[in-house]
Amino acid sequence: MLCFTHAMRIRTAAVVVGLVALAGSACSSGGGGAAKTVSPPYPSITAGAVKSGPPAPLTGLPDDSGVTASRPSIAVKIDNAPEARPQSGLEVADVVYEEVVEGGVTRFIAVFHSTAPNDPGLAGPVRSVRPMDPNVLSAYHGLVAYSGGIPAFVALLRKAPVQDVDVDIATDAYTWDHSRAAPHNEYVSPEKLWPKAKGDNREPPKAMFEYRSAGDPFGDADAPHVVIPYSPRQTSIYDWDAASGTWKRTSNGTPHMTTSGVQIAPQNLVVQFVPMHTLDYVDQSGTKVVESTVIGSGDAWILSAGRITRGHWSKNSASAPTKYTNSAGQPIKLTPGRTWVHFAPVGTPVTAG
């Protein structure tokens with residue numbers, strides 16, 4: 001079995017985006033444990049191919065209902081502190097980004113488009129915006145749901161080509177679970193946000209990835225076990241489950257479950273190695289905020305079907321989708337389904353094998 005480790009290096013210098021403007025291995029043993037078996041929230045994928053119907057832009061899966069052609073994406077900032085688990089809605093998000101915020105913890109940007117959370121129809125806990133978020137979400141041109149933030153960061157988001165639907169603007173779409181302690185108890189209903197879309201922000205998003213056809217091979221080598229040790233406070237682990245065709249997620253040694261009883265299990269993983277720097281801004285916890293640079297280029301590992309391709313990422317502006325290419329410069333095509341992108345600071349000792 002081959003095993004890969006990411007060394008501390010940058011293949012191509014990345015463009016550092018300031019706050020003043022929005023820019024135009026040794027193999028590790030896995031965590032785990034038994035988790036509840038449930039039906040996947042998306043149609044099953046046979047041989048990694050779209051079978052029929054127009055594909056949804058963010059998953060490549062057939063959308064017989066046509067709903068993805070008539071509504072925008074909704075991005076929700078979701079808490080990942082231990083007190084926030086289990087979260088709601090993550091298991092059905094089309095695309096999820098995991099980003100380091102402060103104090104070594106991570107936070108999610110969950111993008112909903114083809115499917116909304118069900119029972120009780122909420123996503124959360126919802127948290128605040130961060131400075132890198134506009135550079136991630138401008139390419140979607142959709143709605144962004146969050147709960148406040150440092151004024152400079154909120155100002156950056158409001159300059160981006162997205163529609164702000166935070167708790168102060170779209171209050172009726174938010175609710176609070178009083179059985180949980182604040183600030184880990186705020187939730188939002190995507191179904192209540194979609195009717196609020198205005199103007200150009202009502203349009204569906206562009207595709208963020210390319211997808212492979214039936215029978216197309218994937219990857220350079222088998223890599224069924226992935227460890228992303230962001231910090232002593234957060235290690236994200238994935239194990240390939242061939243029976244379901246998904247990557248089962250574990251956080252800090254525990255299966256990462258949602259409130260619906262589902263273990264998080266996307267079809268695709270992206271580990272995007274990014275420069276990260278500390279800002280002068282201090283979060284309400286008293287810790288300095290960090291920012292990852294997502295405009296520029298660098299190394300990327302793309303995993304699908306239990307295999308890995310080590311390649312390259314590039315993004316030339318905030319409004320452009322990130323491109324993922326192999327060593328020959330060709331686009332890396334994913335398996336149709338859900339994709340989780342992990343912004344790992346350059347030098348993070350990620351292992352896959």
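The paragraphs below go through the cores, the unusual backbone geometry and the cavities of this predicted model.

Local features are given where pLDDT is at least 70 and side-chain atom pairs where it is 80 or more, whereas totals for chains, interfaces and linings use all residues. Residues are numbered from 1 along each chain as its sequence is written, and side-chain values use heavy atoms, with hydrogens and water left out.

The largest nonpolar core, meaning a set of buried Ala, Val, Leu, Ile, Met, Phe, Trp, Tyr and Cys residues joined through side-chain atoms within 4.5 Å, has 44 residues, and those with the most contacts inside it are Val 76, Val 188, Leu 193 and Leu 303. Buried here stands for under 20% relative accessible area, exposed for over 50% and partly exposed for the range in between, with a 1.4 Å probe and protein chains only. Among the elements that each supply at least two residues of this core are β2 (74-79), β4 (106-112), β5 (143-145) and β22 (339-345); helices (H or I, at least four residues) and strands (E, at least two) are DSSP runs numbered from the N terminus. A second, separate core of 37 residues includes Ile 109, Val 136, Ala 160 and Ala 300.

Turning to the backbone, the peptide bond from Arg 85 to Pro 86 is cis, with omega near 0 degrees, and Pro 86 sits in the loop between β2 and β3. Another cis bond joins Gly 124 to Pro 125, with omega about 5 degrees, and Pro 125 belongs to the loop between β4 and α1 (133-137). In the loop between α1 and β5, His 141 has a positive phi near 60 degrees although the residue is not glycine, and its relative accessible area of 29% makes it partly exposed. Asn 252, in the loop between β13 (246-251) and β14 (254-255), likewise has a positive phi, near 50 degrees, and is partly exposed at 36%.

A cavity is a set of points, on a 1 Å grid over the protein atoms alone, where a 1.4 Å probe fits but cannot get out, and its lining residues have an atom within 4 Å of a point. The largest cavity is lined by 15 residues, of which Tyr 97, Val 136, Lys 315, Thr 322 and Tyr 324 lie nearest its centre, and α1 and β22 are the elements that give two or more residues to this lining.

Terms used: On a 1 Å grid over the protein atoms alone, a cavity is a set of points where a 1.4 Å probe fits but cannot get out, and a pocket is an open set with protein on both sides within 12 Å along at least five of seven lines; lining residues have an atom within 4 Å of a point.
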